[in-house]
Amino acid sequence: SDLSQEYREYERTSTVVANAYIGPRVDRYLGEIEQTLKEVDFPGQFLVVQSTGGLYALSEARQDCVRMMESGPAAGVIGTQALCQALGIENAIAFDMGGTTAKAGVVRHHQALVANSVMIGGYMTGLPLLTPMIDIHEVGTGGGSLASLSSTGALRVGPQSAGAAPGPACYGLGGSAPTVTDANVLLGRIDPAHFLGGEMQLDLAAAERAMQSHIAKPLGMTTTQAASGILRIAAAAMSHAVKGVTTDRGLDTGAFPHLFAYGGAGPLHASMVARELRIPHVVIPR
């Protein structure tokens, strides 16, 4: 009853289990941040984002940590809501793409849509949580998503990811399988000499070798064709995240003429996703 005062005993129990499972690690992590802030005499107040996009105190976050589930994506939707108010936009899609997943939320009539119960993970293996959360749908496609061939020779992208280590082949850290990022490098959509503002040099030759050996050669196509195919498949997959918060909720995608793109890889792929969904306007925040 401390975490949820609603009925549905199974969902309440599941919420407590999730809180207990992640609790010790989150408590230690937040405790280390709190200790560091004390050591550097931080004068401000440190608050944590909740699943609803609101904020709560560090002491509460360390106790009721399940309430920050998906708080990063939720903050993005709240940011989109604030920008919509500033720009006079009533309805918009919030599109967030990182290294492993793409996520979408909705701002409708100037308000972010909220769900009171969600399923974290797949239906067969996931956990239902009885806690308010901004309605977000995600798919396993990000910058580090691996491209591979199925047993029938079909090209697919994700949900497996190269992660940060070894990362995409172009990172030069030992990754040998092609990813969405490698495809972008091969097509000239990412400048190898100016990645991370020039702090990290990318290996174009490594990306080409990975694409050639794993995708292009088996399919009898050029590396450029293979890279283009990977990005088209990724865009189609990411459009399903948007449909998950619109069409699947009984909303017409056509009623949302603006797509706000952010996250490490969101702006890079926003135009392709918008074309896939016939959304006429893409907004990329500064």
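Welcome! What covers the buried residues of helix α3 includes β1 (47–49), β3, β4, β5 (111–112), β9 (133–134) and β13. This is a predicted model, where local features need pLDDT of at least 70, side-chain atom pairs count only at pLDDT 80 or more, and totals for chains, interfaces and linings use all residues. Residues are numbered from 1 along each chain as its sequence is written, and side-chain values use heavy atoms, leaving out hydrogens and water.

**Helix α3**
- The buried residues of α3 (under 20% relative accessible area, 1.4 Å probe, protein chains only) are Ser71, Pro73, Ala74, Gly76, Val77, Thr80, Gln81 and Cys84.
- After α3 comes glycine 88, with a positive phi near 70 degrees.
- Helices here are DSSP runs of H or I with at least four residues, and strands are runs of E with at least two, numbered from the N terminus.

**Nonpolar cores**
- A nonpolar core is a set of buried Ala, Val, Leu, Ile, Met, Phe, Trp, Tyr and Cys residues joined through side-chain atoms within 4.5 Å.
- The largest has 40 residues, and Phe95, Met211 and Met238 have the most contacts inside it.
- α6 gives the most to this core, with nine residues.
- Apart from it lies another core of 13 residues, including Ile89 and Val283.

**Aspartate 96**
- Aspartate 96 lies in strand β3.
- This residue is buried yet has no salt bridge (a side-chain nitrogen of Lys or Arg within 4 Å of a carboxyl oxygen of Asp or Glu).
- The nearest side chain of opposite charge, lysine 103, is 5.0 Å away.

Terms used
Buried means under 20% relative accessible area, exposed over 50%, partly exposed in between (1.4 Å probe, protein chains only). Contact means heavy atoms within 4.5 Å. Lys and Arg count as positive and Asp and Glu as negative; His and the chain ends are not counted.
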